[in-house]
Amino acid sequence: MSDRQTKRAPTALADRQAWLGTLARAPAAALAEAWAGLNPKPGYRCVRGPETGLIMVRGRAGGTGQRFNVGEATVTRCTVALDDGLTGTSYALGRDRERALYAALFDALLQDPARRTVIERDLLDPVRGALVAKESATARKAAATRVDFFTVAREGSE
Amino acid sequence: MTALTIPTAAGLAEPALASQRVFRQALEAMARPGTVVGTEIVLAPPAPLSRAAGALILTLADFETLVWFDRAAQSAADYVRFHTGAPLAAQTADAAFAIVADSTNLPPLTAFALGTDEYPDRSTSLIVEVESIAGTGPLMLSGPGILGRRPLGVHGLAPDFWHQWRTNHRAFPRGVDVFLTAGARFVALPRTTTVET
């Protein structure tokens, strides 16, 4: 267990960060459906949570300025341990405990190389696709209302 | 801060309710030194933590309290850090709480934070694992919270502990407070308690 965690290569860390981000944004229905489709389902135990609380979201003005508190956000977090010893953790905005539980379970399962390919294909790829589509739809709408400012030069008078 | 390995052992179920119950028991134990208290909390902390020690530290520690672990208790450090958010104390004198799993190698009580005359509360509370505790035995306790004298039996403490305890008692208002734990049972020894061996 500890070897797996301490000796993880940087790319593996980046991989995990990427799937944790996807799981945190994945709709509850997609997670529930993917869990229902798992066969056989692994045995697991909740180590912490799922529990709901507040976190302070912090930002930097312009991404570089002084750190300031943006505001509090409701998050639900969960940590599970599979029967084979792998642990998974999730944090997700909102109060959906079931969603946090499934996200933590998939985080644990994704650390198992034997299972990763299937989960990537059945859960992460479709969710990523939907997220990208949603983002580009928002970007398109925003782009449609864009205003370009320009200054009309006063005509020179002699 | 060293990296934390996520433990596979669960913390308190229903943390708010369970910790309130344990806190109440800890208060009762401190108010009536030498009374053996049994916790009914369902908890399976990793070795070498007993159920009582686990329940106490999960209840008492939080992100502001530094916790010190003796060498034997190191294996439970991540469990406590994960569930409470408590930082590790580098030295015994920094610790708000100390977990001692090997009571025969207990550091001198004076090595822990004893508080000051102005702030005697800035002292370490020790949780010391022992083999067994009983409400009967050769020890005779007296002091605040005890009507007359109260007997106590403890197995598995270093022989010079009670000698050290006398010194600790004399340092009042400074000094450490101790919880002795064994299995699901614990007993409190606040610094005000006199122990005759």
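# Exercises on a predicted two-chain model

The crossing of helix 3 and helix 4 of chain A is left-handed. The structure is a predicted model, and the exercises below treat its helices, sheets and chain contact in turn.

**Exercise 1.** Determine at what angle the axes of helix 3 and helix 4 of chain A cross, and which residues bring the two helices together.

*Solution.* Two packed helices are described by the angle between their axes and the distance between the axes.
- Step 1: helix 3 covers residues 28-36 of chain A and helix 4 covers residues 97-110; their axes come within 9 Å and cross at roughly 55°.
- Step 2: because of this angle, helix 3 of chain A is oblique to helix 4 of chain A.
- Step 3: helix 3 of chain A contributes A:A28, A:L31, A:A32 and A:W35, which meet A:E98, A:R99, A:Y102, A:A103, A:L105 and A:F106 of helix 4.
- Step 4: sorted by class, the residues of this contact are 8 nonpolar, no polar and 2 charged.

**Exercise 2.** Describe how strand 1 and strand 2 of chain A are paired and connected.

*Solution.*
- Step 1: strand 1 (residues 44-60) and strand 2 (residues 67-82) of chain A are antiparallel and share 14 bridges.
- Step 2: one bridge places A:Y44 with A:L82 of strand 2.
- Step 3: the two strands of chain A form a hairpin, with 6 residues between them.
- Step 4: within the turn, A:G62 has a positive phi of about 65°.

**Exercise 3.** State whether helix 2 of chain B is mostly covered or exposed, and how helix 1 of chain B is placed against it.

*Solution.*
- Step 1: helix 2 of chain B (residues 51-60) is mostly covered, with 10 of its 10 residues buried. Among them are B:R51, B:G54 and B:L60.
- Step 2: helix 1 of chain B (residues 15-31) has an axis that comes within 9 Å of the axis of helix 2, and the two cross at roughly 105°.
- Step 3: an angle of 65 to 115 degrees counts as roughly perpendicular, and therefore helix 1 of chain B is roughly perpendicular to helix 2 of chain B.
- Step 4: B:S19, B:V22, B:F23 and B:A26 of helix 1 touch B:A55, B:L56, B:L58 and B:T59 of helix 2. This contact has 6 nonpolar, 2 polar and no charged residues.

**Exercise 4.** Give the strand order of each of two open sheets in chain B and identify the edge strands.

*Solution.*
- Step 1: one open sheet has 6 strands in the order 1-8-7-4-3-2, with mixed pairing. Its edges are strand 1 (37-38) and strand 2 (67-69) of chain B.
- Step 2: inside this order, strand 4 (residues 125-129) and strand 7 (residues 177-182) of chain B are parallel and joined by 5 bridges. B:E129 stands opposite B:T181 of strand 7.
- Step 3: helix 1 of chain B lies across strand 1 and strand 8 (185-189), at about 45° to strand 8.
- Step 4: another open sheet has 3 strands in the order 6-5-9, with antiparallel pairing. Strand 6 (150-155) and strand 9 (194-196) of chain B are its edges, and the twist averages 65° from one strand to the next.
- Step 5: strand 5 (residues 132-142) of chain B is joined to strand 9 by 3 bridges, and B:L141 stands opposite B:V195 of strand 9.

**Exercise 5.** Find how many residues of each chain are in contact across the two chains.

*Solution.*
- Step 1: 9 residues of chain B are in contact with 13 residues of chain A.
- Step 2: on the side of chain B that touches chain A, the residues are 5 nonpolar, 4 polar and no charged.

Technical notes
Residues are numbered from 1 along each chain as its sequence is written. Chains are lettered from A and ligands numbered from 1 in the order in which they are written. This is a predicted model: local features need pLDDT of at least 70, side-chain atom pairs count only at pLDDT 80 or more; totals for chains, interfaces and linings use all residues. Two strands pair if DSSP finds at least two bridges between them. Helices (H or I, at least four residues) and strands (E, at least two) are DSSP runs, numbered from the N terminus. Axes are lines fitted to C-alpha atoms, for helices over the stretch in contact, and angles run from 0 to 180 degrees between N-to-C directions. Two residues are in contact if their C-beta atoms, placed from the backbone, lie within 7 Å. Ala, Val, Leu, Ile, Met, Phe, Trp, Tyr, Cys and Pro count as nonpolar, Asp, Glu, Lys and Arg as charged, and the others, Gly among them, as polar. Angles under 35 degrees count as roughly parallel, over 145 as roughly antiparallel, 65 to 115 as roughly perpendicular and the rest as oblique. A crossing is left-handed if the near helix is turned anticlockwise from the far one by less than a right angle, and right-handed if clockwise. A residue is buried if 20 or more other C-beta atoms lie within 10 Å of its own, exposed if 12 or fewer, and partly exposed in between; C-beta atoms are placed from the backbone.
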